[in-house]
Amino acid sequence: MTLIKKYIPLAICFLVGLMTLASYYVPNKTSENYLEVMNKWENIVAGFAFLLGLFSLFFSHYNKIRRKVDGWGYSLFVFVGFLVMVVPALMSHGKQMDGTSLTGLGWGYRFMFNALSGTMFSVLAFYIVSTAYRAFRIKSAQAGVLFAAALVLIIGKVPLGQLMWDKMLGWTHLGVTQIVQWLMDVPVVAGRRGIMMGLAVGGIVTALKIIFGIERQYMGKD
Amino acid sequence: MKNFLEKLLKIDRRLIFLALAILLVFPIVKPLGLPNLNLGSEVKSLYERIEGLPPRSFVLMSLDYDPATRPELHPQAVAILRHAFRKNLRVGILTLNAGATGLIEEIGERIPKDIAPEKVYGKDYVILPYQPNPVAVMTQMGMDLYQIYDKDRDGSPIRDMEVFKGIKNVKDMQLGICITGTAMLDYWIAYTGDKFKFPMAGGVTAVSQMGYAPYLQTGQLKGLVGGMKGAADYETLINHKEKGTSGIDALSLAHLMVIILIVTANIMMLWLKYL
Amino acid sequence: MSETMLIFGGWVAAGLTIFLFSFLYKDNPFFKVTEHLYLGAGMGWVFQTVLFQTWKPKVWEPLQAGDWTVLIPTVLGLSLVTQFFPRISWISRYGFTFIMGYGSGLVIPLTISTDLLKQIGGTIAPFMVSEISRANIGSLINGSIVAIGFICVLFYFFFSVEHKGVVKKASNIGIYFLMLYFGAAFGNTVMGRFSLLYGRFDDLYKYSAPKYFYATHVILAALVIYFVVDHFRKKKPEIEEEAA
């Protein structure tokens, strides 16, 4: 049973990983055909992977409703929201436009999903400002450098900031955009490149560990 | 004085929220009308790249953003599309983000209305359906795109469409542009740009813009439009001002507010510490 | 779609936006309802996209045409769902190992090429003979700063060696480069978030027009009235308690 439950899945990971890795370096029709098949299959499997998140959400909220925990009524709206999107989609066969007119699905996207998704992420702007006021304290040279870079970016990106800079510091013949450009081309590249290197090395090591079966947490418990 | 400053440092944050809301709404109601003076060189790079393409070159646009990042990225997509159509380029639009399909419908609606009414679907541009697993799609695009995309979003076969004449994979295309609020551009650079030597450019949110500076420096990215400022810069270059330009105009006061708040808070902190 | 539905849509969009923003004042039932609606609607949207743009054209239609090979990835994909049933959850390992093997195999050569070799090449490029012979001093100075900064940042992240002496000095220089990067990123983050907020306010301004029967104003006013009434409603028992 261990063979079917553990070793065959690990063998699949090893074979698929190694063959995919090898096919990158082997410019041969066979490796191209192999990659094409794998790409098609991966496309289909990824489509099903989404179901994990869906069922997890549904089970969690269904249990809240069943056990009538505090706030269980709100969990009903998860299913309402789901049906508001899916039912019109089934009726219009996934089409958002019917000629030049919006279908129910198109309406749901334009007036519900757009508003909900956009607002959720934009709320962060308020917290950035209040946190900047309450917690951004320049207590060291390093924090000062961070603030200086942020100040130049924040001012340099908007017309009013550019005008103010030109009026106050125009005598230096150094435009704020030139400084922003230099920041982006030099120190930001250096800092970001170092981080990218570290991430790249870590990523390669983790990928190798997964292929060789050393890293197995994604398989769950035995 | 000390008590007053301490109270001011602990001010109810809802008052800060209200101030920010007022400073953002005011320029929407009464635009400041400030000119967008200084244009980013990485935006100019993309503009010049598209300017230099011969007519009927094929540009692949991967629009991978959802409503959460729409205000920054949608103006970029519209401006670049407008430019591409003005240069009589063929455009293939696809998405690898499930949340973007609705926004692409909007673009599909706008092309015949105001972006490029003279352009014909199937001859000058095509919209491909959503596909999951971006890596599989990108890898396949480098070999034979028809194995992944055999139909467009309406279910019509694409192989014989005039817009795809002479196109089998990304090596037959002249430029790829990925507009995204996620790490999708990294994948495009890695799995098509570097692997198949496919010229790639990008449009990203302001938050992610700094992370692509190394790619610009190495030439892995041929141009980069960053955030709403990037959209405004591109609109200025194509001489067609829209949401990008009006957007950064509206942000001016809010940006100033952030600087004033940070500087004021630090001055008060120093005052309390030393006086 | 009729004009009425479009106007109704404007009211719905304005209402959902204002209800989500109401959390900034205080947690309230309108926010909670909208938050849960967002969860469901988001999932619903992705579900219908995957259904009509992946399962139907890539699984159902090929099966109908007699292409049985699509059953292999379909079975692998469905095996992932067995995760929720503890007795047979081991079956999901087949799907997961396929995904992980494919992903890991692709990541290695491309990370080496894109994030390692190309970046090292980009650091060295300003010092190539062809570049130096162009006698661009500015480019040489900038290239030197990038190279020094890059190496110093790597020193900062190298934790296998104790940070003392030269390593500590290099690491400290690396920190300053990182601070410049994070400061620039913070500045851009501020702009990015404000842009999103501007987008929402722009939509609210659109829905405050007479065409939409002043949806934004009406909903905002109704919410303010709710908060005022709620405040006095909660205050009344406190006063009665104190009196008792």
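## Lining of the largest cavity

The lining of the largest cavity comprises nine polar, four nonpolar and four charged residues. The model described here is predicted. This cavity encloses about 150 Å³ of space, and 17 residues line it. Those nearest its centre are Lys157(A), Val180(A), Gly40(B), Glu42(B) and Lys229(B).

Three helices each supply at least two residues of this lining: helix H8 (176-185) of chain A, and helix H3 (41-51) and helix H10 (227-237) of chain B. The largest share, four residues, is contributed by H8(A).

## Second largest cavity

Two cavities of 30 Å³ or more are found in a search of the whole structure. The second largest holds about 40 Å³ of space. From chain A, its lining takes Gln96(A), Met97(A), Leu102(A), Gly106(A), Tyr109(A) and Arg110(A); from chain B, Gly102(B), Glu105(B) and Glu106(B).

Helix H4 (104-122) of chain A and helix H5 (101-115) of chain B each give at least two residues to this lining. By class, the lining has three charged, three polar and three nonpolar residues.

## Interface of chain C and chain A

Chain C brings 108 residues to its contact with chain A, which brings 114 residues. The buried area between these chains is about 10,500 Å², with 82% given by carbon and sulfur atoms. Across this interface there are zero salt bridges, while 12 residue pairs are in polar contact.

On the side of chain C that touches chain A, the elements giving two or more residues are helices H1 (3-21), H2 (29-64), H3 (71-79), H4 (92-124), H6 (137-157) and H7 (166-206) of chain C. The residues of that side divide into 72 nonpolar, 29 polar and seven charged.

Note on methods. Residues are numbered from 1 along each chain as its sequence is written. Chains are lettered from A and ligands numbered from 1 in the order in which they are written. This is a predicted model: local features need pLDDT of at least 70, side-chain atom pairs count only at pLDDT 80 or more; totals for chains, interfaces and linings use all residues. Side-chain values use heavy atoms; hydrogens and water are left out. Contact means heavy atoms within 4.5 Å. Buried area is the accessible area (1.4 Å probe) that two parts lose on being put together, summed over both. A salt bridge is a side-chain nitrogen of Lys or Arg within 4 Å of a carboxyl oxygen of Asp or Glu. A polar contact is a pair of N or O atoms within 3.5 Å; within protein, one must be able to donate a hydrogen and the other to accept it, and residues adjacent in sequence count only if both atoms are side-chain atoms. Ala, Val, Leu, Ile, Met, Phe, Trp, Tyr, Cys and Pro count as nonpolar, Asp, Glu, Lys and Arg as charged, and the others, Gly among them, as polar. On a 1 Å grid over the protein atoms alone, a cavity is a set of points where a 1.4 Å probe fits but cannot get out, and a pocket is an open set with protein on both sides within 12 Å along at least five of seven lines; lining residues have an atom within 4 Å of a point. Grid points are joined across faces, edges and corners, and a volume is the space filled by probe spheres set on the points.
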